[in-house]
Amino acid sequence: MLGLTFVFGILSSVPALEYPDYLTKLSEINMQVLIATFFQGAMSVVYVSIAVLFYPIIKRYNENLATGYLSLRIIGSGFLFAGIVPLLLLLWLSQSYVITSEVNLSYFHVSGELLRQGRDILNHIGMILPWSIGGLILYYCLYKIRIIPRWLSIWGMIGSTFTLFATLMIMLNLIELVSPVYFILNAPLAFGELILAILLIVKGFNPH
């Protein structure tokens, strides 16, 4: 199931939003945007499902941490699901933009930027902030329980810390969302979770 998050994450992306003429481009890729909204919703469901599966495992170590982990992951998934709304509104705005007169173009640009920024806040702050804190709890508990290799638990804690740090830097406008620094800070956690997904598929948990 962890592997699905990577696939759904790719399918839910809309690279056209990063172009200056995104209001024109979105109307040209209507189906791609609708597919992205579907997979973003599916990804939020998968995230909650993963948290539910890990909850009883973490509870073996500490019930309060398990509850905190599950709550944070549900909150993060809620923000991710809410991020569908501005994307659909951007699609509608784009469709209206391409048929409007020159007089009203400034209104569309302002509205588009507000929606795009709102989507980024929901997806990359509202979702990632509780998700990374939940990741710290998850990997700390897995380290204590020792059901996965300890080096992977340490990697997960370090990666979650880097992702949390990157999110805080985004909140303070110290780095751009689309930047090498942001990508580098998030890469360790993404790579670690990919390894965890492969490990669980191949070997499952080691209960001893």
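## Exercises on a nine-helix chain

Let's start with one salt bridge: Lys25 and Asp21 pair up through their side chains, with N and O 4.0 Å apart. A quick note before you go on: the model is predicted, local features need pLDDT of at least 70, side-chain atom pairs count only at pLDDT 80 or more, and totals for chains, interfaces and linings use all residues. Residues are numbered from 1 along each chain as its sequence is written, and side-chain values use heavy atoms, leaving out hydrogens and water.

### Exercise 1: Salt bridges

Task: Find how many salt bridges the whole structure has, and say whether Arg116 is buried or exposed.

Step 1. Recall the rule: a salt bridge is a side-chain nitrogen of Lys or Arg within 4 Å of a carboxyl oxygen of Asp or Glu. Side chains of opposite charge can pair when their charged atoms come close.

Step 2. Search the whole structure, and you get two salt bridges. You've already met Lys25 with Asp21; Arg116 also forms one, with Glu113, and there the closest N and O atoms are 2.7 Å apart.

Step 3. Place Arg116 and Glu113 on the chain. Both sit in helix H6 (residues 105-126), three residues apart, which is about one turn of the helix. Helices here are DSSP runs (H or I, at least four residues), and strands are too (E, at least two), numbered from the N terminus.

Step 4. Check accessibility with a 1.4 Å probe, protein chains only: buried means under 20% relative accessible area, exposed over 50%, and partly exposed in between. Arg116 has 16%, so Arg116 is buried. Its partner Glu113 is at 29%, so Glu113 is partly exposed. In the other pair, Lys25 is partly exposed at 28%, and Asp21 is partly exposed at 37%.

### Exercise 2: How H3 meets H4

Task: Work out at what angle the axes of H3 and H4 cross.

Step 1. Two packed helices are described by the angle between their axes and the distance between the axes. The axes are lines fitted to C-alpha atoms, for helices over the stretch in contact, and angles run from 0 to 180 degrees between N-to-C directions.

Step 2. Read off the geometry: the axes of H3 and helix H4 (residues 63-82) cross at roughly 180° and come within 9 Å.

Step 3. Put a name to it. H3 is therefore roughly antiparallel to H4, on a scale where angles under 35 degrees are roughly parallel, over 145 roughly antiparallel, 65 to 115 roughly perpendicular and the rest oblique.

Step 4. Sort the contact residues of H3 with H4: 16 are nonpolar, five polar and three charged. Here Ala, Val, Leu, Ile, Met, Phe, Trp, Tyr, Cys and Pro count as nonpolar, Asp, Glu, Lys and Arg as charged, and the others, Gly among them, as polar.

### Exercise 3: The whole chain

Task: Describe the chain by its helices, its span and its buried share.

Step 1. Count the elements: you'll find nine helices and zero strands. From the N terminus on, the pattern reads α-α-α-α-α-α-α-α-α.

Step 2. Look along the principal axes, where the C-alpha trace spans about 70 × 35 × 25 Å.

Step 3. Finish with burial: of the chain's 208 residues, 45% count as buried.
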